[in-house]
Amino acid sequence: METTAHIDFIAAAYAAAVIVVGVLIAWVTLDYRAQGRRIAELELQGFTRRSDTTSARPTSPAKEAAREQTAEQSAEQA
Amino acid sequence: MALIDLANPSRFLKFANGAIPWLAGVTVLVFAFALEQAMIAPDDYQQGATVKIMYLHVPSAWLGMLCWGLMSVAALGTLVWRHPLADVTAKAAAPIGAAFTLLCLVTGSLWGRPEWGTYWVWDARLTSELVLFLLYLAVIALWNTVEDPSRAARAVAVLTLVGAIDLPIIKFSVDWWNTLHQGASVFRVGGSTIYPTILLPLFIMAGAFTLLFITLVLAAMRNEILRRRVRTLQLMQASAAN
């Protein structure tokens with residue numbers, strides 16, 4: 001059988017895999033940024049977990065950006 | 001770091017933050033090699049090039065079942081030890097398992113049409129795999145229905161353990177009933193029926209998929225721990241406002 005036989009089905013299967021894997025990667029990446037941003041916002045309002053002083057805390061560019069943005073807003077309001 | 005240390009969410013976060021970038025890098029490299037091996041692998045003498053769909057279909061089927069197995073172990077951790085990281089594992093893994101099961105069903109349909117002449121038949125293997133996908137959706141719905149994570153975890157754990165009955169049904173469905181789906185051809189008594197030049201790329205691709213699965217589960221677990229921290233801080237915020 002020729003390699004090109006049913007190429008449309010093969011291409012569709014690999015396209016489906018790219019879409020499913022892409023959605024999963026986008027989901028975990030965007031969710032990580034969203035949670036980091038929310039924690040940064042709450043911490044800037046003074047809400048922190050007691051154990052955070054000794055535990056490992058996540059850092060991300062999104063978290064840093066949110067922290068800077070909220071700090072700027074606070075400065076403008078002041 | 002001892003393995004037991006990872007049972008602490010904060011230590012787990014530290015481990016995950018360090019491990020995820022490395023795992024992601026290795027996953028990309030292994031995937032690139034696996035895809036190259038899959039593309040240069042010979043066509044099957046009967047199926048022709050459509051056998052290349054197997055390199056997606058079989059690993060996603062394995063991981064769909066492996067993920068439910070992982071969730072079942074986590075369910076025991078929730079019900080027996082009430083460990084919060086068990087809840088986190090179960091919740092984080094469910095959407096990933098659902099995605100791989102969906103990919104298995106879609107690629108199976110696309111493989112079935114040229115080989116069987118139909119996208120779908122209600123045979124035991126296909127139906128039990130569809131049941132697994134529906135079970136994943138039920139678990140995800142249950143997580144989102146109950147607001148308190150610890151209460152939701154116990155309900156989900158029971159559903160997960162009941163749903164684990166579907167795993168041996170999927171595995172042995174092709175032996176117990178007459179199915180259009182082929183019988184076991186990779187792991188079977190008497191050895192694999194697949195020629196090594198096709199089997200080896202399948203194992204490499206399965207390794208790549210497994211690395212992807214581990215990376216995604218670790219990342220999703222990290223997100224879930226952070227989500228619970230957000231919830232704790234929001235509760236502190238709400239109580240401070242009152």
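Here is a quick briefing on how this two-chain model is put together.

The model is predicted, and the predictor gives the complex an ipTM of 0.91 and a pTM of 0.86. Chain B is built from seven helices and zero strands. Chain A meets chain B through 31 residues of its own, against 37 residues on the chain B side. One good place to start looking is the pairing of α1(A) with α3(B), which run roughly antiparallel to each other.

**How far to trust it**

- Chain B has a mean pLDDT of 92, and 97% of its residues reach 70 or more.
- For chain A the mean pLDDT is 76, with 58% of residues at 70 or more.
- The stretch to watch in chain A is residues 53-58, where the pLDDT is below 50. Beyond near neighbours in sequence, that stretch still has 10 contacts in the model.
- Where pLDDT is low, predicted coordinates should not be read in detail.

**Chain B at a glance**

- Going along the sequence, chain B reads α-α-α-α-α-α-α.
- Its C-alpha trace spans about 70 × 35 × 30 Å along the principal axes.
- Chain B has 242 residues, and 39% of them count as buried.
- Take the contacts in chain B between residues at least 6 apart in sequence: 77% of these join residues at least 24 apart.

**Where the chains meet**

- On the side of chain B that touches chain A, α1, α3 and α7 each supply at least two residues.
- The top contributor to that side is α7(B), with 15 residues.
- By residue type, that side of chain B splits into 20 nonpolar, nine polar and eight charged.

**The α1(A)–α3(B) pair**

- Helix α1 of chain A covers residues 7-44, and helix α3 of chain B covers residues 84-116. Their axes sit 9 Å apart, at an angle of about 175°.
- That angle is over 145 degrees, so the two helices count as roughly antiparallel.
- From α1(A), the residues in the contact are A:Phe9, A:Ala12, A:Ala13, A:Ala16, A:Ala17, A:Val20 and A:Leu24.
- Among their partners in α3(B) are B:Ile96, B:Ala99, B:Leu102, B:Leu103 and B:Val106, and also B:Trp111 and B:Arg113.
- The residues of this contact come out as 15 nonpolar, one polar and one charged.

**A:Leu24 and B:Ile96, across the chains**

- A:Leu24 lies in helix α1 of chain A. It counts as buried because 22 other C-beta atoms lie within 10 Å, where 20 or more is the cut-off.
- Leaving out residues up to four places away in sequence, A:Leu24 touches B:Ile96, B:Ala99 and B:Leu216.
- Within chain A, the C-alpha atoms of A:Leu24 and A:Ala11 are separated by 20 Å, with their positions 13 residues apart along the chain.
- Seen from the other chain, B:Ile96 is in contact with A:Leu24, plus B:Cys67, B:Phe213, B:Leu216, B:Val217 and B:Ala220, leaving aside neighbours within four places in sequence.

**The nonpolar core**

- The largest nonpolar core has 72 residues, and A:Ala13, B:Met71, B:Ala90 and B:Ile96 touch the most other members.
- Both chains feed this core: α1 of chain A supplies at least two residues, as do α1, α2, α3, α4, α5 and α7 of chain B.
- α3(B) gives the most, with 16 residues.

**The α4(B)–α5(B) pair**

- Inside chain B, α4(B) and α5(B) pack at about 170°, with 9 Å between their axes. They are therefore roughly antiparallel to each other.
- α4(B) brings B:Leu135, B:Ala138, B:Val139, B:Leu142 and B:Trp143 to the contact. Facing them in α5(B) are B:Ala152, B:Ala155, B:Val156, B:Leu159, B:Thr160 and B:Gly163.
- The tally for this contact is nine nonpolar, two polar and no charged residues.

**The start of α7(B)**

- B:Pro196 belongs to helix α7 of chain B, which covers residues 196-241.
- With 9 C-beta neighbours inside 10 Å, B:Pro196 counts as exposed, because the cut-off is 12 or fewer.
- The C-alpha atoms of B:Pro196 and B:Ala41 are separated by 10.0 Å, although the two residues are 155 apart along the chain.

How values were computed. Residues are numbered from 1 along each chain as its sequence is written. Chains are lettered from A and ligands numbered from 1 in the order in which they are written. This is a predicted model: local features need pLDDT of at least 70, side-chain atom pairs count only at pLDDT 80 or more; totals for chains, interfaces and linings use all residues. Helices (H or I, at least four residues) and strands (E, at least two) are DSSP runs, numbered from the N terminus. Axes are lines fitted to C-alpha atoms, for helices over the stretch in contact, and angles run from 0 to 180 degrees between N-to-C directions. Angles under 35 degrees count as roughly parallel, over 145 as roughly antiparallel, 65 to 115 as roughly perpendicular and the rest as oblique. Two residues are in contact if their C-beta atoms, placed from the backbone, lie within 7 Å. Ala, Val, Leu, Ile, Met, Phe, Trp, Tyr, Cys and Pro count as nonpolar, Asp, Glu, Lys and Arg as charged, and the others, Gly among them, as polar. A nonpolar core is a set of buried Ala, Val, Leu, Ile, Met, Phe, Trp, Tyr and Cys residues joined through C-beta atoms within 7 Å. pLDDT is the predictor's confidence in each residue, from 0 to 100.
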